[in-house]
Amino acid sequence: MAVKYHQISLKETFSNCQDMFIDDASFFFQLLEKHMDLDEFISPEFYAAFYKSLGRKRIFPLSGFLSALILQKIFSIPTDSLLILFLSLCRELRDFCGFSNVPDAPLFTRFKQNFLPYLEQMFQRMVDYTEPICHAIDPVLANILTFDTSGIELYVTENNPKTLNALIRKLKAYYKNNSDVDPYKMAYGLMPSQAASCPDAKQQYINGHFCYADKFVILTNGLGIVRHIAFLDDNFKSAHPELSVGKKSDSPEEDKSVGDSSALKPVLSDFFALHPDFHPDTFLGDSAFDTIETYGFLKDDFHFSKVLIPYNPRNESTLKKVGYNEYGYPTCPNDSSLAMRYCGITKEKGRSDRIKWCCPKVHMVNGAWVCDCKSPCSTAKKGRTTYTYENLDFRMFPGIQRDSDEWISLYKIRTIVERAINHFKINMCIAGRKTRNHLTTKADVYLAGIASQFTAIIADRLSCPQYIRSLKPLIA
């Protein structure tokens with residue numbers, strides 16, 4: 001039986017939003033007025049910057065801009081133009097925001113760009129406020145920290161598929177008689193590393209495809225409440241000169257993982273510097289973070305007692321695994337009683353120092369390596385070689401038994417950060433906005449973060465923890 005699909009039109013979307021605002025406005029705005037106090041989180045510096053002398057009086061209040069932009073995220077209003085339309089139609093919304101008339105679109109844009117640092121500061125203050133709320137709901141989940149990166153595709157020419165397709169057609173025509181040339185790979189190599197109209201739109205591999213995007217990081221707890229937001233832009237790299245940028249690779253997935261793993265330490269450093277009283281004890285990450293350096297600083301610098309990171313297949317040898325004796329020395333894969341031979345410390349640029357161990361049955365005869373083993377476990381001329389690291393034990397036993405039921409159950413929580421990013425992009429309409437301005441994009445993401453904190457605060461004040469991630473059920 002064929003399934004009939006119904007295409008949702010803009011008219012239907014607008015009608016549903018209009019009904020939501022007009023029919024349920026009185027109850028919902030009364031609820032917000034009772035439990036939502038913006039002045040509690042606006043710093044004196046923000047007030048001073050907004051109301052400083054401009055030669056004329058401000059027509060629209062600071063709380064009005066903030067209320068309108070926060071409600072825009074909560075109610076999934078995709079554009080500023082549609083927000084202005086709702087403000088024009090709904091008197092209750094205007095009264096709640098304190099607007100006698102409606103600001104135009106450029107005023108909202110200038111507000112985001114001019115006061116971005118104060119929006120970021122406001123978000124950080126609200127994170128401090130919501131931390132006790134999260135611990136009251138579930139202290140175990142509140143002590144979990146998850147990390148993930150994503151990107152917001154900007155409205156630039158390079159993101160139009162026609163741009164890449166036109167280049168591919170030209171290359172196909174030019175190299176039509178040369179079968180050794182792959183026009184698709186060449187087209188990828190010829191595309192610029194950043195968009196011409198916006199240097200912050202870098203070519204990246206995000207969500208399964210190449211695009212020009214503003215890359216950002218989100219940290220959440222196990223409840224899915226956002227704890228930190230950071231953009232991996234030029235300012236971030238300038239603040240962290242130690243950040244190593246991964247070299248471009250033939251593998252898009254490898255490009256992505258290198259960027260994520262190198263950004264983890266500076267992001268966590270900024271997070272704990274802003275919130276020194278936070279002490280999460282469990283870190284959840286994907287296999288991109290499976291490096292010895294990562295286990296080391298998560299344990300020693302940030303004091304995580306449990307680190308759940310799956311083994312990365314790229315880091316695992318296809319050879320038979322070595323064992324370890326009671327002294328921590330690696331043993332022969334074929335004979336657990338035979339310890340491997342210590343061969344000194346290996347130092348390589350860009351890698352942690354590691355101890356080298358060689359096969360004890362290999363020795364040199366007349367300038368050539370000879371193995372006395374009847375069934376060697378490696379075809380290498382020098383026999384089997386392995387390495388040990390300072391934090392190898394913590395990688396093998398990261399505070400919890402790998403692949404146990406507890407590990408599997410706890411690691412499932414990691415997807416909460418992906419759902420938080422999707423909530424920002426889809427439900428709060430961060431993705432798909434027709435803007436190429438880096439400051440506007442950052443402001444929209446921080447406003448979404450502020451809206452998420454307000455959602456948690458209102459849910460707590462209503463004693464309804466089930467609404468901690470969305471208030472829409474209150475008006476549905």
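## Gln 204 in strand 2

Gln 204 belongs to strand 2, which covers residues 202-206. The model described here is a predicted one. With a relative accessibility of 13%, Gln 204 counts as buried, because the limit for that class is under 20% relative accessible area.

The side chain of Gln 204 has a polar atom 2.9 Å from the backbone oxygen of Ala 213. Ala 213 also appears among the residues in contact with Gln 204 once neighbours within four places in sequence are left aside; the others in that set are His 209, Phe 210, Cys 211 and Lys 215.

## Thr 331 in strand 8

A second buried strand residue is Thr 331, located in strand 8 (residues 330-332). Its relative accessibility is 3%, and Thr 331 therefore counts as buried.

Apart from neighbours within four places in sequence, Thr 331 is in contact with residues on both sides of it in the chain. Val 322, Gly 323, Tyr 324 and Asn 325 are among these contacts, and Ser 336, Leu 338, Ala 339 and Met 340 are also in contact with Thr 331. Pro 360 is 29 residues from Thr 331 in sequence, and the C-alpha atoms of these two residues are 9.4 Å apart in space.

## Helix 7 and helix 18

Helix 7 spans residues 105-114 and helix 18 spans residues 438-461; the two pack at an angle of about 85 degrees, and their axes are 8 Å apart. An angle from 65 to 115 degrees counts as roughly perpendicular, so helix 7 and helix 18 are roughly perpendicular to each other.

On the side of helix 7, the contact is made by Thr 109, Lys 112 and Gln 113. These residues meet Leu 439, Thr 440, Ala 443, Asp 444 and Leu 447 of helix 18. By character, the residues of this contact between helix 7 and helix 18 comprise three nonpolar, three polar and two charged.

## Helix 7 and helix 8

Helix 7 also packs against helix 8, which covers residues 116-137. The axes of helix 7 and helix 8 come within 5 Å and cross at roughly 70 degrees, which means that helix 7 is roughly perpendicular to helix 8.

In this contact, Phe 111, Lys 112, Gln 113 and Asn 114 of helix 7 meet Leu 116, Pro 117 and Leu 119 of helix 8. The residues where helix 7 touches helix 8 divide into four nonpolar, two polar and one charged. Lys 112 and Gln 113 take part in the contact with helix 8, and Lys 112 and Gln 113 likewise take part in the contact with helix 18.

## Loop residues with positive phi

Asp 403 is not a glycine, yet its phi is positive, at about 65 degrees. The residue lies in the loop between helix 15 (392-396) and helix 16 (405-411). Asp 403 has a relative accessible area of 65% and is therefore exposed.

Cys 429 is another residue other than glycine with a positive phi, in this case near 60 degrees. Cys 429 is found in the loop between helix 17 (415-427) and helix 18. Is Cys 429 buried or exposed? With a relative accessible area of 11%, Cys 429 is buried.

## Cysteines and disulfides

A disulfide is a covalent bond between the sulfur atoms of two cysteines. How many disulfides does a search of the whole structure find? The search of the whole structure finds zero.

Further cysteines can be placed by their accessibility. Cys 134 counts as buried, at 0% relative accessibility, and Cys 358 counts as buried at 10%.

Key:
Residues numbered from 1 in each chain as written. Predicted model: local features only at pLDDT ≥ 70, side-chain atom pairs only at ≥ 80, totals over all residues. Heavy atoms only, no water. Axes fitted to C-alpha atoms, helices over the stretch in contact; angles between N-to-C directions. Helix = DSSP H or I, 4+ residues; strand = E, 2+ residues; numbered from the N terminus. Parallel < 35°, antiparallel > 145°, perpendicular 65-115°, else oblique. Contact = heavy atoms within 4.5 Å. Nonpolar A, V, L, I, M, F, W, Y, C, P; charged D, E, K, R; others polar. Buried < 20%, exposed > 50% of the residue type's maximum accessible area, 1.4 Å probe, protein only. Polar contact = N/O pair within 3.5 Å; in protein donor to acceptor, adjacent residues only side chain to side chain. Disulfide = S-S within 2.5 Å.
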